[in-house]
Amino acid sequence: MKLRKQVTVCGGAIFCVAVFSLYLMLDRVQHDPARRQNGGNFPRSQISVLQNRIEQLEQLLEENHQIISHIKDSVMELTDTGAVSPSGHLPFRSANGSWVLPFDRRPTFLAIKSQDCQFASVSRDQTDVQMLDVYSLLKFDNPDGGVWKQGFDITYEANEWDKEPLQVFVIPHSHNDPGWIKTFDKYFTDQTQHILNNMVVKLAEDPRRKFIWSEISYFSKWWETAEPQKQEAMRKLILGGQMEMVTGGWVMTDEANAHYFAMIDQLIEGHQWLERNLGIIPRSGWAVDPFGHSATMPYLLKKSNLTSMLIQRIHYSIKKHFSATRNLEFMWRQAWDTGSSTDMFCHMMPFYSYDIPHTCGPDPKICCQFDFKRLPGGRINCPWKVPPKPIVEANVAERAQLLLDQYRKKSKLYRSKVLLIPLGDDFRYDKSLEWDQQYVNYQKLFDYMNSHPELHVQAQFGTLTDYFNALYKTTGVTAGSRPADFPVLSGDFFAYADREDHYWTGYYTSRPFYKSLDRVIESHLRGAEILYSLAVATARHEGMEGRYPVTDYALLVDARRAVGLFQHHDAITGTAKENVVIDYGTKLLRSLIGLKRVIINAAHFLVMKNRDFYRFYQTEAFLETDDRRATQDSLPQRTLIELDPAGPRYLVVFNPIEQERLCLVNVLVNTVRVRVLTEDGQTLPVQLSAQWGSATQMSAEVFQATFMARLPPLGLAVFHLYDSADSPMTLRSDTLLRLSSRSVTARASDPLPVHSQLADPQSFYISSQSLTLGFSGSTGLLESIKRKDDSKEVKVQMQFMVYGTSPSKDKSGAYLFLPDGKPKPYIQKEPPVVRVVEGPLFSEVVAHYQHFEQTVRIHNVPGVDGLSIEISTMVDIRDQSNKELSMRLSTDIKSNDVFYTDLNGFQIQPRRYYPKLPVQGNFYPMSSQAYIQDSRHRLTLHTAQALGVTSFESGQLEVIMDRRLMQDDNRGLGQGLKDNKKTENRFRLLLERRSSGKKGTDSSTTSFPSILSHMTSAVLNHEVLPLPVVPKRRGIPPLKTFAPLMSRFPCDFHLLNLRSIQNKQDGVTPSPYTALLLHRLALDCSIEAQNLGFNCTTTQGQLNVSSLFKNLDLQLLQPVSLTLMYSSPPLANHSTISLDPMEISAFKLKLR
């Protein structure tokens, strides 16, 4: 009763203060002397300011209402359960055995406007072609199509082009992989530099010659080493339209495993380089080699103001179907688009490959005869045994007719009389001779064709944009618009098979160690960009530019480029040679070390209470990193904080997400005598647990200290750690070892006692305030989940499975997944050692198997951090041969044959299990999450690394964890996958309940995560960074928590990046401008809302940028295209910007 009175009084006080504040603010608005002088004639800008203020006041009132009702609910809940700590302050165990923490005095609420829920349920127009429908329709058989093996016989009438001649654009290109068989640098030295050097000379010889180039990583390296006259000659070729930069990304990105943050970042890096060095803007996208195509890519290209795109590697059955229906060119629309604003014109190549034998027409035997690098006497020849012939006057008529026949047949697959013919292959045109062989012979063929009007053809060399412009002109539409009768398509192009049952679904998981490292570095890159931008802006604001190390910008550029390089379709995919993988890893590790330095230097500056005391020393870091990696292929070792009775150690904790975070912070310490205080002296609950060296042996010198902290959004919180006598707020974990036999013994150290018992098959449980998890007594693996607010226990049974490889001559490799059928259960002779740890802040179960060690942990924390299950699986299959390990979840959720996977962490794509496809054809890429659902529940597996996923049966999800394969799969790599590492795969498992009476908002083509699911993904992918302050003999200057936001981000906004823009003069120092990249998340509100642990409100997509950052002035707010190349007129600084659900937008800011 006493507590109820106290909290009610407290709530009333908050309400009174809030109302009084509102009154003062309104009073200020009414009595502003500047406004009075205007005599009521407010300028438009001031009316806009007033409207913004009124909107903010309305929001404040709504939030206050939420706070009061939440306080009431909290009090009722606490009184009902009797879960009030006896002292009101200490953690204690309640009657049912679960821990109760001190009441968090910060009530929080969830206020999602109903308008912000409507996007998920709004009806969308059916597109002409929906890829899920195509999958249902096709038989996926493989009949022999004749000369076009995977297609059909093409015929035409001789007079078809009489009224409108065929326009042919032959597009010379050279596909340069930034690392594959050789490293990036070796390829450049051996081949790429010669291609570009020859280009400068050979294109200049004849203005009719054209060429396209896509990889800016290579081009920039060439440019930096080229003499000024070569640079000028190249610039002239580009500005004159003979050489075109297509896509213009740092690399030709993979589209299955890459996360949209990195896909955008490498595109920005390439485009910014082009803008600074050449002043050009790419118009057309070119993706001939990624192994399957994602719907995210057309959206990103559209937002970057490209008008057209081309794709190539698509399942042969789909290519055949699109060819038969003449749907190879289409407007690619996002499945979630409610109109047509995302439409992107897309050209699909129809045949097997992008090489010359498979691009001139349907018959490779004939097309190969027009690859003049294969002329007799050269190093390569035609596998069809008919070599090319040099074009001379005596044979030009016959050769031109033969080639034109192929051109005409290919054109029959398209709707216009404009035809695209690529002319190139991997690392082509590296010898001067090939330039002459191809260009001279083709020009003779063109001259003959064009001089014979009876052939009704106009053939020429062209760039990609030349082709698209001609197509738009003949169809009578502006660039990027939909020509009449061209279809609209939605969906994606996974999984890819190039022949037979050879599905390229193995690379979704290949080399998971580096897929995981990539995401760690992406999170560090985003965090470093944000902190660096805030630190530089703060230094400018305080007149301290000269004292802050802006030279750290070079470290950011290096990291952007290393991450960009790794998005290449033979890097993140895990499909490069072993020495090339080491080279990628070395570059990634170097960038990670650099990013940690940027973060530490920015944090040092920002947490200083008095920045007059700020001193930067290049050789003497103020903070330590949270962890270290000894080599590029080793797991991180966390930093040990050595506590000293003489005084406190200070800890700065960085929260890289844009919302406040109530979470657990975990550090290693050298003593069990730990006390943790907030900056203002409040003692925090701490859970002490052992650091285990093996399944049964714990360390006597190192301990884990876990404490609960509330961290400001994008902020740096300061904590004090003391070595002090036992604090009642520091509690030790209870540890139980479940052993298979008495011969196994636990070696425990005295400070943290451990109990052991013989395992029995009975299920056992761990609990938190939100969840109860059941585990199998015999396997130690998860069996069930019960939410505290749900009477129903949901079966979620964890099992590990093993795939072998096909017994036929074609076996699994880095690219291909060719299993020997469905998987078999993983079995080991000895039962596992299972460790059960319970405590006030977290509980966990660790199961030790020979080839993996799985930790399942729940956090006893209100909000996001406590509502999902943290799963970490340490996998080591280095002693296996031709085996793939998978993790399967079997549930009683009635999902039937439907499951959902994300595309690039950006959007959700519904999938269906098809019995007509082989096992490997039912796997899909999972960059950030996959889920199954029914009318009652949704179960989402969030992942911190890209892996392959499927659902073979109703209620199942299965993820491939690692693959070790002893042979090449005949796709050019020449190696198996034998360089496996000990790899940690990290997940969050989230069980959500559908609101009663609310129908699911999913259509067959769209689905969206809940707000809790979005936040769960954010906390998994952007972990807090605990940075210990290095002890100093001369003492530590006073530190203060840095909270950069003055107003909150709406919780359906994701801050994708806050990126300092390069200085146009040198590219290695920052300009005064910053790019703000925002993504508005789309929400499924039919999932039951839960308290997220922070104040979550939505604003119908509105955000006032000028009131966002504390102590910084906004001097420019300018909408720009996604890669910052196109600018709209600047907005008034106090303007409110607006984003639609799913929209990604970029703005150029000047902050100081």
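Here is a short chat about the sheets, helices and salt bridges of this model.

Student: What kind of model is this, and how are residues numbered?
Tutor: It's a predicted model, where local features need pLDDT of at least 70, side-chain atom pairs count only at pLDDT 80 or more, and totals for chains, interfaces and linings use all residues. Side-chain values use heavy atoms, with hydrogens and water left out, and residues are numbered from 1 along each chain as its sequence is written.

Student: Which strands stand at the edges of the open sheet of 6 strands?
Tutor: Strands (E, at least two residues) and helices (H or I, at least four) are DSSP runs, numbered from the N terminus, and two strands pair if DSSP finds at least two bridges between them. The order here is β4-β14-β10-β11-β9-β8, with mixed pairing. The edge strands each have a single partner, so one side of each is left without a neighbour in the sheet: they are β4 (129-130) and β8 (284-287).

Student: Which residue in β11 is the bridge partner of Glu329?
Tutor: Strand β10 (residues 329-332) runs antiparallel to β11 (residues 344-348), and 4 bridges join them. In β11, the partner of Glu329 is His347.

Student: Which strands stand at the edges of the open sheet of 11 strands?
Tutor: Read the order: β26-β25-β32-β33-β34-β35-β44-β41-β40-β37-β38, again with mixed pairing. Each edge strand has a single partner, so one side of each lacks a neighbour in the sheet; the two are β26 (754-758) and β38 (907-912).

Student: Which residue in β33 does Val836 stand opposite?
Tutor: Strands β32 (residues 833-838) and β33 (residues 842-848) run antiparallel, joined by 5 bridges. Opposite Val836 in β33 is Val845.

Student: How many salt bridges are there?
Tutor: A salt bridge here is a side-chain nitrogen of Lys or Arg within 4 Å of a carboxyl oxygen of Asp or Glu. One of them is formed by Glu275 with Lys1064, with the closest N and O atoms 3.5 Å apart. Glu275 lies in helix α9 and Lys1064 in the loop between β46 (1053-1062) and β47 (1070-1080), so this pair ties together parts 789 residues apart in sequence. By this rule, the count is 64.
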